[in-house]
Amino acid sequence: MPGAVTSWLRRLQDHPVFAGVQGLAGSEKTEVIALRGTEVFVAVGHNVRWADLRPVKQNENSALDYKTLDTPEIQFGIRQLSISANGRQLAVIGEEQVAAITVLPAEYLKQGAACKTRIVGRMHHNSSSGATVVKTLWHPLSRSGQTLLVLGSDTFLRMYDLSLSCEEPEQTLRFIAPQPKRRGFVLEEEEVEAASMCFGDANGWGLTNVYALMRNGDVYAASPVVPKHSVCERKWLDQLVVSVQASHDDSEDGKLRTRWVNDVVGQAKADDMGLGSPSLVNGGLDTTLVGFRKPNGTYKVPAIQGPFLFQPAPLYFSDDEIYATDINYISSGLIQVLAIASSDGKLDVCLDVEPVEAKWATAGQSCPVVSVYESINLGLEKYPNKFAPVLLKDEHAPGIFYIKHCAGVHQINVSTWLAALQQEDVEDVVKEGESSEVSILFNTDAAKTGEATPSVGLAVLFDSYLGYGTIAVLSTGQVVVNELEFTNLGHESDDEEPMTPEAVHMEDPIMNGPRYMSLLSRPAYTAPAALSAPKAVSQLVVPVSMKGPLVPNETSLRFLAAVIQKMREDIRRVFDAGRLMQSRLESQQKEYSRQLAKLNDLARRLKEGGGSEVISERLQGALDRQKDLEKRADALLQNLIATHSPALSDVEKKWFVELKRMNNKVEGMKGYTGRLEAAKERWNEVQESLRLKKEQVRIIGGSEDGGVGTPIKQGEARELKAMLEEEEEMVAKTKSKLERLLEKTSKA
């Protein structure tokens with residue numbers, strides 16, 4: 001059961017790879033762990049450790065160890081780790097420097113093999129640049145998987161293709177350009193600093209959209225931001241083509257979007273079999289990757305769109321000076337959500353009502369609009385430390401994300417009201433008060449003393465062997481593991497519709513009586529929500545001051561009171577869930593007895609009425625009904641075929657007619673092939689006739705034994721010469737016809 005701390009989880013919490021982890025002095029945003037499957041990378045000081053977590057569960061008696069990667073190039077304190085999607089590159093981020101480590105497979109790391117380490121943008125990211133590194137992202141469309149985006153606090157976004165160069169960026173954007181200085185007395189404007197960034201999702205232009213968050217709360221976007229050498233799924237490119245064609249935008253940007261997409265599609269068709277070709281992959285959808293180069297020509301640098309307009313404006317829960325810390329893009333179905341975290345624990349959940357599209361023109365730009373659905377207050381304004389909240393999206397559960405902060409970790413689930421929003425009107429959902437589910441995974445200030453231990457690392461573990469859960473590392477080196485349930489992955493269920501009152505009283509055409517109605521309600525039974533993660537697995541982290549013998553004081557008594565209160569709440573929830581399960585069990589027992597009685601009654605009736613004409617009539621009626629159902633199924637199948645495979649259009653019909661005509665022209669009786677065969681036969685006849693003529697000349701000119709024959713008269717010689725010239729001319733014409741036919745056949 002999730003929430004039960006098993007022995008292997010305790011071993012994981014005591015793994016030596018996490019020993020010595022602590023937050024850097026003066027660092028607001030930290031992320032010191034990264035996962036690659038079951039492998040974990042941990043940053044300690046200026047070193048990166050690696051360990052495989054599978055031995056923790058495979059052999060509980062084995063000694064656990066780790067390897068420290070040989071990276072002498074890294075001489076700075078590591079704040080964040082970010083691993084690429086293919087798991088081959090690890091970005092190491094310091095306060096002002098960035099490095100990239102080429103990560104080898106696990107079997108080589110176990111042997112202590114050296115990894116290649118490169119310093120990224122040495123001229124742009126250093127102590128003399130005056131800007132800190134706030135966020136790095138690996139581009140999802142990179143063909144090499146080595147395209148790294150680096151956002152500085154000076155709002156510069158630099159994109160490096162590490163497979164080509166680590167020093168100079170492939171592309172540079174600036175979200176906010178400095179304002180020109182004006183003469184006279186003006187108020188000093190506050191300098192805007194960047195806080196974080198994120199990519200969009202796979203809808204529309206999302207994979208090319210970069211959203212940048214400023215510390216003052218403004219949000220900007222740029223699109224399209226793509227590497228010079230890109231790769232994408234055919235399905236995504238098909239959807240983008242349909243979206244652009246359906247927009248019917250005649251503006252300058254609309255024309256540029258159409259030209260840009262056509263350029264990419266042309267490259268994909270030249271490199272592949274073409275878009276939309278049928279395939280049996282993934283149930284008929286072809287997800288083959290197609291490569292393309294970033295279109296050049298008349299395209300300018302992507303325009304900066306923003307700042308975004310928040311309608312309605314978000315709520316504020318603190319009078320103190322706050323700043324935005326992180327942004328993430330959450331996708332669940334057809335509706336997308338922008339989540340923005342602030343330093344006081346406020347979380348703004350916004351609907352992306354106007355998805356960002358590619359733009360190049362800068363004149364007449366309009367600010368995109370996002371709708372603030374709700375503002376969640378986590379109540380962090382009372383904590384004096386400066387560890388900024390960080391958002392982490394759960395890639396395996398749509399609509400679920402986590403927020404790591406100075407007092408623990410919360411789980412936010414927006415899939416509940418997003419599902420209702422896709423089926424109902426927005427106003428109805430708002431009136432019903434649908435809100436996100438906020439759950440505490442663990443709390444480091446259970447005693448409510450105002451002194452909490454911040455989380456410096458958080459990662460989601462998803463493996464068929466180790467399971468599904470979160471691994472969090474505290475600034476004191478403690479490790480907190482939360483198991484989650486695989487049932488919370490946000491997949492749609494195929495529950496049956498409930499039985500309507502009209503259906504209960506319908507007659508059974510075979511049994512000549514009312515239909516059997518089960519006592520059990522539908523949809524199928526599921527476990528009570530109180531027993532599902534994470535509500536039953538929220539943990540209380542023991543304060544560092546309570547390590548060792550228990551000393552009665554205010555802090556320890558507060559903590560024990562919080563533990564007792566939590567245990568009482570958990571017991572009450574489990575008890576209520578047990579009563580529900582007991583009630584369900586009693587209903588199932590009653591239903592089981594009813595079904596046994598019904599089966600006995602059916603067996604008795606079958607035994608009493610065996611061989612009678614009534615059963616024969618019922619059987620014949622069932623057969624007739626089955627035939628009627630088969631006819632209806634055939635008609636429905638024909639309608640489906642006609643809907644999904646419609647008749648050919650006029651253009652397609654003309655195309656097939658032209659193909660048939662060309663086929664007849666090439667392979668028909670009078671086509672190129674037939675004419676070529678006839679020409680070959682004529683050629684053979686001419687060759688044979690010429691051979692006979694030459695034989696006759698030889699015989700006339702001399703005897704068979706080589707002696708001198710009868711002399712030829714002058715008139716006969718002229719006649720023979722004319723005949724030979726005529727045959728030679730005929731052979732030349734036949735040869736030229738054969739050559740022309742061969743040329744036409746090769747072109748066809």
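This briefing walks through the folded chain shown above, topic by topic.

The model is predicted. The protein has 748 residues, and 40% of them are buried. Its secondary structure comes to 13 helices and 33 strands. Among contacts with a separation of 6 or more, 63% link residues 24 or more positions apart.

**The nonpolar cores**

- The largest nonpolar core has 68 residues.
- Phe18, Phe41, Val48, Leu81, Leu90, Val92 and Trp417 have the most contacts inside this core.
- Strand E2, residues 39-44, gives the core its largest share, with five residues.
- Another core lies apart from the largest one and has 20 residues.
- Leu141, Trp236, Phe292 and Trp360 are among the members of that second core.
- Which residues does Phe41 touch, leaving aside its neighbours within four places in sequence? The list includes Val32, Ile33 and Ala34, and also Val48, Leu81 and Leu90.
- Phe41 also contacts two arginines, Arg36 and Arg49. Trp50, Leu69, Ile83 and Val103 complete the list.

**Helix H6**

- Helix H6 spans residues 415-423.
- Trp417, Leu418, Ala420 and Leu421 are buried in this helix.
- Why do these four count as being on the same side of H6? They cover an arc of only 165° around the axis, so they share one side.
- Trp417 appears again in the largest nonpolar core, among the residues with the most contacts there.

**The sheet E5-E6-E7-E8**

- Four strands make up this open sheet, in the order E5-E6-E7-E8. Their pairing is antiparallel.
- Strand E5 (80-83) and strand E8 (117-120) are the edge strands, and each pairs on one side only.
- From one strand to the next, the twist averages 25°.
- Strand E7 covers residues 98-102 and is joined to E8 by four bridges. These two strands run antiparallel.
- Which residue in E8 stands opposite Ala99? Ile119 does.

**The sheet E28-E29-E30**

- Three strands form this open sheet, in the order E28-E29-E30. The pairing is antiparallel here.
- The edge strands are E28 (455-463) and E30, and each pairs on one side only.
- Neighbouring strands of this sheet are turned by 20° against each other on average, direction ignored.
- How many bridges join strand E29 to E30? There are five, and E29 covers residues 467-474.
- Ala472 has Val480 in E30 as its bridge partner.

**Asn482 in strand E30**

- Asn482 sits in strand E30, which covers residues 479-483.
- Is Asn482 buried or exposed? Buried means under 20% relative accessible area. Asn482 has 1% relative accessibility, so Asn482 counts as buried.
- The side chain of Asn482 reaches the backbone oxygen of Leu441 at 3.0 Å.

**The loops around strand E19**

- Pro307 lies in the loop between E18 and E19. The peptide bond from Gly306 to Pro307 is cis, with omega near 5°.
- Phe308 lies in the loop between strand E18 (304-305) and strand E19 (309-310).
- Phe308 is buried, because its relative accessible area is 5%.
- Leaving aside neighbours within four places in sequence, Phe308 is in contact with Tyr211, Val219, Tyr220, Ala221, Leu338, Val356, Pro368 and Val370.
- Phe308 and Ala221 are 87 residues apart along the chain, and 8.6 Å separates their C-alpha atoms.
- Pro312 is placed in the loop between E19 and strand E20 (324-332). The peptide bond from Gln311 to Pro312 is cis, with omega near -5°.
- Most peptide bonds are trans.

**Thr155**

- Thr155 lies in the loop between strand E10 (147-152) and strand E11 (156-161).
- Which sign does phi of Thr155 have, positive or negative? The value is positive, near 70°, in a residue other than glycine.
- Most residues other than glycine have a negative phi.
- Thr155 counts as buried, because its relative accessibility is 1%.

Conventions
Residues numbered from 1 in each chain as written. Predicted model: local features only at pLDDT ≥ 70, side-chain atom pairs only at ≥ 80, totals over all residues. Heavy atoms only, no water. Pairing = 2+ DSSP bridges. Axes fitted to C-alpha atoms, helices over the stretch in contact; angles between N-to-C directions. Core = buried A, V, L, I, M, F, W, Y, C linked by side-chain atoms within 4.5 Å. Buried < 20%, exposed > 50% of the residue type's maximum accessible area, 1.4 Å probe, protein only. Contact = heavy atoms within 4.5 Å. Polar contact = N/O pair within 3.5 Å; in protein donor to acceptor, adjacent residues only side chain to side chain. Arc of directions from axis to C-beta.
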